[in-house]
Amino acid sequence: MVRKILELGDEALRKTCKPMKTYDLRLWLLLRDMAETMYKAEGVGLAAPQVGILRRVVVIDVGDDHGLIELVNPEIIATEGEQAGSEGCLSVPGRRGYVVRPNKVTVRAQDRKGKKIEITGEGLLARALCHEIDHLDGIIYVDKMDHEIFDDDEEEAASKEEK
Ligand SMILES: [Zn+2]
């Protein structure tokens, strides 16, 4: 079931989420709904608070070999390097910002059955891991961005060239 994505300004997005302690059908249905919601919205990640559930659960799919990644109670345990680039969020539609993130991150989490897992991501996956885990502590990328990126900037430049 596709759920409604909350948008910037909604208080639920600013809460600290609680750890997930039970690995049962309720969690699996949440994970399924979150993946469906993310794919429908054409996002690369979604955190539970974005659908109003204040639990430490995220899904990510950046279109690489990892496929769909489900993380329960994720924690960043190591970071390396730096990347600067454009970032958006399904809860902040139509906007993008320039955000500096680590280039490589290692995350410890649990899977849907409570088994301990570890995942290391670079580039876009590292960015998505940082972004989604931030959501679990009520942090949205706009809090961290250096500046907003406007599509108009590029369109204007292009239209000037045409003239
Ligand atoms: Zn987001």
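Let's start in a loop. E42 sits in the loop between α1, residues 25–40, and β1. Keep in mind that this is a predicted model. What is odd about the phi of E42? The value is positive, near 60 degrees, and E42 is a residue other than glycine. As background, most residues other than glycine have a negative phi. Is E42 buried or exposed? E42 is exposed, because just 7 other C-beta atoms lie within 10 Å, and the cut-off for exposed is 12 or fewer.

There is a second case of this kind. N73 also is not a glycine, and its phi is positive, about 55 degrees. This residue is in a strand, namely β3. N73 has 19 C-beta neighbours inside 10 Å, so it counts as partly exposed. Buried would take 20 or more.

Now the whole chain. How many helices and strands are there in the protein chain? There are four helices and eight strands. Reading along the sequence, you meet them as α-β-β-β-β-β-β-β-α-α-β-α. The radius of gyration is 16 Å, and the globule rule gives 15 Å for 163 residues, so the chain is as compact as a globular protein of that length. The C-alpha trace spans about 60 × 35 × 30 Å along its principal axes. Of the 163 residues, 29% are buried. Next, contacts. Take those between residues at least 6 apart in sequence: 66% of them join residues at least 24 apart.

On to the strands. Begin with β1, residues 45–47. It runs antiparallel to β2, and three bridges join the two. One pair to find on screen: G45 stands opposite I60 of β2. On to β3, residues 69–80. Four bridges join β3 to β2, again antiparallel. Here V59 has E70 as its bridge partner.

Stay with β2, residues 57–60. Which way do its side chains point? V57 and V59 point one way, V58 and I60 the other. All four are buried.

Next, a sheet of three strands. It is open, its order is β4-β5-β8, and its pairing is antiparallel. Which strands are at the edges? They are β4, residues 83–87, and β8, residues 147–149, and each pairs on one side only. Neighbouring strands in this sheet are turned by 40 degrees against each other on average, direction ignored. Look at β5, residues 96–101: three bridges link it to β8. Y98 has its bridge partner, H147, in β8.

Then there is a hairpin. It is made of β6 and β7, with five residues between them. In the turn, G114 has a positive phi of about 95 degrees. The strands themselves, residues 104–110 and 116–122, pair antiparallel over seven bridges. One bridge brings V107 together with I119 in β7.

Now the inside. A general point first: in soluble globular proteins, nonpolar side chains tend to be buried together. In this model, the largest nonpolar core has 27 residues. Which of them touch the most other members? M34, A48, V58, V59 and L129 do. Several elements contribute: α1, β1, β2, β3, β6 and α2 each supply at least two residues. The largest share, six residues, comes from α2.

Zoom in on V58, one of those well-connected members. Set aside its neighbours within four places in sequence. V58 is then in contact with G45, L46, A47, A48, L71, P74, E132 and I133.

Last stop: α2, residues 124–135. How far apart should its ends be? At 1.5 Å a residue, its 12 residues should span 16 Å, and the end C-alpha atoms are 17 Å apart, which agrees. Why call α2 largely enclosed by the rest of the structure? Because 10 of its 12 residues are buried. The buried ones are L125, A126, R127, A128, L129, C130, H131, E132, I133 and H135. Notice that R127 and E132 are on that list.

To wrap up, two things to look at again. Find E42 in its loop, with its positive phi. Then find α2, the source of the largest share of the core.

Conventions
Residues are numbered from 1 along each chain as its sequence is written. This is a predicted model: local features need pLDDT of at least 70, side-chain atom pairs count only at pLDDT 80 or more; totals for chains, interfaces and linings use all residues. Two strands pair if DSSP finds at least two bridges between them. Axes are lines fitted to C-alpha atoms, for helices over the stretch in contact, and angles run from 0 to 180 degrees between N-to-C directions. A nonpolar core is a set of buried Ala, Val, Leu, Ile, Met, Phe, Trp, Tyr and Cys residues joined through C-beta atoms within 7 Å. Two residues are in contact if their C-beta atoms, placed from the backbone, lie within 7 Å. The expected span of a helix is 1.5 Å times one less than its number of residues. The radius of gyration is taken over C-alpha atoms; the globule rule is 2.2 Å times the number of residues to the power 0.38.
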